[in-house]
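Biologist: I should like to learn how to read the features of a multi-chain model. May we proceed one feature at a time, with the general idea before the case at hand?

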Amino acid sequence: MEGFVRVLAVTVTAVIATAILKRMGGEFAAVLALCCVCLLGTFAVRTAAPVVEVIERLETLSGLSPAVLGPVLKAALVGILTGIASAVCADGGQNGMAKAVELCGTVMALCLAAPLISAVLELLESLMEK
Amino acid sequence: MLRTIGALLVVMGAAGTGVGLSVFVRHSAGILQQLIMSLEQMKSEILFRKTPLPELTARLAENCGGEVGSFWSEVSDGLRIGQARSVCEVMRRALSGRAAGSFPAQARRTLQNLGAGLGNYDAAGQVRAVDLALSRLGGLFTELRDEQKSRMKSYCTLGVCAGLALAILML
Amino acid sequence: MDVDLIFKIAAVGIIVSILNQVLVRSGREEQATMTTIAALVVVLMIVVQKIADLFSLVKSLFQF
């Protein structure tokens with residue numbers, strides 16, 4: 001809870017500082033926003049470490065192979081990072097770059113999901129042969 | 001604690017540099033004013049008393065203080081020694097000496113041109129050379145005086161801000 | 001969480017903006033631009049380190 005309060009304090013401080021810097025010259029506002037995003041992202045990832053451990057334990061208990069859950073986690077992460085990167089680009093006024101980042105994120109998630117889809121297709125093929 | 005002291009020293013050092021530059025600007029204006037006064041005295045000495053150059057420059061050295069007085073004293077010594085050096089050569093040596101080190105570069109060039117005129121022309125020509133030098137130095141002084149306040153403020157602000165930025169980045 | 005970094009970047013940004021304005025008003029636009037770019041590069045170097053730390057943390061946690 002204390003960590004979350006710090007997150008709120010950092011975010012509010014960064015928003016006020018960014019508003020001041022935008023008035024004086026927009027370059028440092030963008031850098032400050034990026035820095036704030038990094039700090040919050042680091043906090044989120046560190047806090048998510050126990051959650052990932054629980055998911056891995058569930059994976060072991062359920063008997064699922066790591067090849068199944070791994071891509072799902074990675075695709076989720078790619079989605080989150082893509083959203084953040086796209087928002088940072090939009091903040092800097094570059095909507096074209098934001099869309100390009102989203103496209104790359106989508107393609108990346110599809111690439112990560114491709115082995116899963118292949119595995120499902122192989123399973124279907126084997127069932128149909130039977 | 002040590003870091004805070006270090007940051008304070010950095011800020012003070014940078015601010016001191018800014019203040020030093022602004023003091024230099026004020027000092028340059030003072031030097032130009034003294035040079036103008038000494039050239040006006042030189043003009044009246046040449047026009048009305050036809051004073052020889054060694055004596056004239058010695059008088060200028062007595063009447064002016066600081067770097068300007070030392071400069072004219074060096075010129076006077078160079079002219080008295082009697083080594084058959086031209087006025088231009090004596091002025092050139094004096095301008096590259098320590099006394100003239102703090103003169104603005106444009107003022108040094110003007111005095112060098114004056115030196116070329118002083119030893120070569122008759123009294124009327126010398127007065128015209130002094131008039132030309134006076135008009136150039138006068139223009140330079142007016143320019144410096146108009147910009148002095150804003151320049152001094154800029155240098156002080158630049159020094160303090162640069163020091164603060166460095167201290168914050170290093171802390 | 002390194003909260004000081006936010007204050008550092010904000011303070012440097014404000015000071016560089018003031019420096020920029022002083023230089024522009026003295027008629028030294030090129031020096032103002034160079035000062036801003038130099039400060040931006042320094043600040044970006046600090047931020048890039050944080051981005052690199054974030055990505056290596058993500059890599060290690062999600063086994064990328």
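Modeller: Let us start with what is called a helix here: a DSSP run of H or I of at least four residues, numbered from the N terminus. The model is predicted. In it, H2(C) is followed by C:Gln63, whose phi is positive, near 50 degrees.

Biologist: Which residue follows H3(A), and what is its phi?

Modeller: After H3(A) comes A:Gly93, where phi is again positive, near 85 degrees.

Biologist: How far apart should the ends of H2(C) be, and what does the model show?

Modeller: The expected span of a helix is 1.5 Å times one less than its number of residues. For the 34 residues of H2(C) this gives 50 Å, and the end C-alpha atoms lie 48 Å apart, which agrees. H3(A), with its 26 residues, reaches 37 Å from first to last C-alpha, close to the 38 Å expected.

Biologist: Which residues of H2(C) are buried?

Modeller: An α-helix has 3.6 residues a turn, so residues three or four places apart point the same way. In H2(C) the buried residues are C:Thr35, C:Ala39, C:Val43, C:Leu54 and C:Val58. Their cover includes H2 (26-62) and H3 (66-91) of chain A, H6 (123-170) of chain B and H1 of chain C.

Biologist: C:Val41 is also in helix H2 of chain C. Is C:Val41 buried or exposed?

Modeller: The reading rests on a count of other C-beta atoms within 10 Å, where 20 or more means buried and 12 or fewer means exposed. C:Val41 has 9 such neighbours and is therefore exposed. Its C-alpha atom is separated by 15 Å from that of C:Gln31, ten residues away along the chain.

Biologist: How does the same count read for A:Ala85?

Modeller: A:Ala85, which is found in helix H3 of chain A, has 17 other C-beta atoms within 10 Å and is therefore partly exposed. The C-alpha atoms of A:Ala85 and A:Leu112 are 19 Å apart, with these positions 27 residues apart along the chain. The buried residues of H3(A) are A:Pro71, A:Val78 and A:Ser86, and they pack against H4 (95-129) of chain A.

Biologist: Let us turn to the interfaces. Which chains share the most contacts?

Modeller: Two pairs of chains are in contact, and chains A and C share the most contacts. This interface takes 28 residues from chain A and 26 residues from chain C. On the side of chain A, H1 (2-24), H2 and H3 each supply at least two residues, and H2(A) gives the most, with 16 residues. By class, that side has 20 nonpolar, four polar and four charged residues.

Biologist: How many residues of chain C are in contact with chain B?

Modeller: Eleven residues of chain C meet nine residues of chain B. H1 (4-25) and H2 (29-62) of chain C each give two or more residues to the chain C side, and H1(C) provides the largest share, eight residues. That side consists of nine nonpolar residues, one polar and one charged. Chain A and chain B are not joined by any contact; their closest C-alpha atoms lie 14 Å apart.

Biologist: How do H2(A) and H1(C) pack?

Modeller: Two packed helices are described by the angle between their axes and the distance between the axes. For H2(A) and H1(C) the angle is about 175 degrees and the axes are 10 Å apart, which means that H2(A) is roughly antiparallel to H1(C). Among the residues making the contact are A:Phe28, A:Leu32 and A:Cys35 of H2(A), and C:Leu5, C:Ile9 and C:Gly13 of H1(C). The contact has eleven nonpolar residues, one polar and no charged.

Biologist: What does A:Cys35 touch?

Modeller: Leaving aside residues up to four places away in sequence, A:Cys35 touches C:Leu5, C:Ile6, C:Ile9, C:Val47 and C:Lys50.

Biologist: Finally, which residues have the most contacts inside the largest nonpolar core?

Modeller: They are A:Leu32, A:Cys35, B:Ala165 and C:Ile9, in a core of 40 residues. The elements giving two or more residues to this core are H1 and H2 of chain A, H1 (2-49) and H6 of chain B, and H1 and H2 of chain C. H2(A) gives the largest share, eleven residues. Apart from this core lies another, of 31 residues, including B:Leu35, B:Val75, B:Phe103 and B:Val130.

Conventions. Residues numbered from 1 in each chain as written. Chains lettered and ligands numbered in written order. Predicted model: local features only at pLDDT ≥ 70, side-chain atom pairs only at ≥ 80, totals over all residues. Contact = placed C-beta atoms within 7 Å. Nonpolar A, V, L, I, M, F, W, Y, C, P; charged D, E, K, R; others polar. Core = buried A, V, L, I, M, F, W, Y, C linked by C-beta atoms within 7 Å. Axes fitted to C-alpha atoms, helices over the stretch in contact; angles between N-to-C directions. Parallel < 35°, antiparallel > 145°, perpendicular 65-115°, else oblique.
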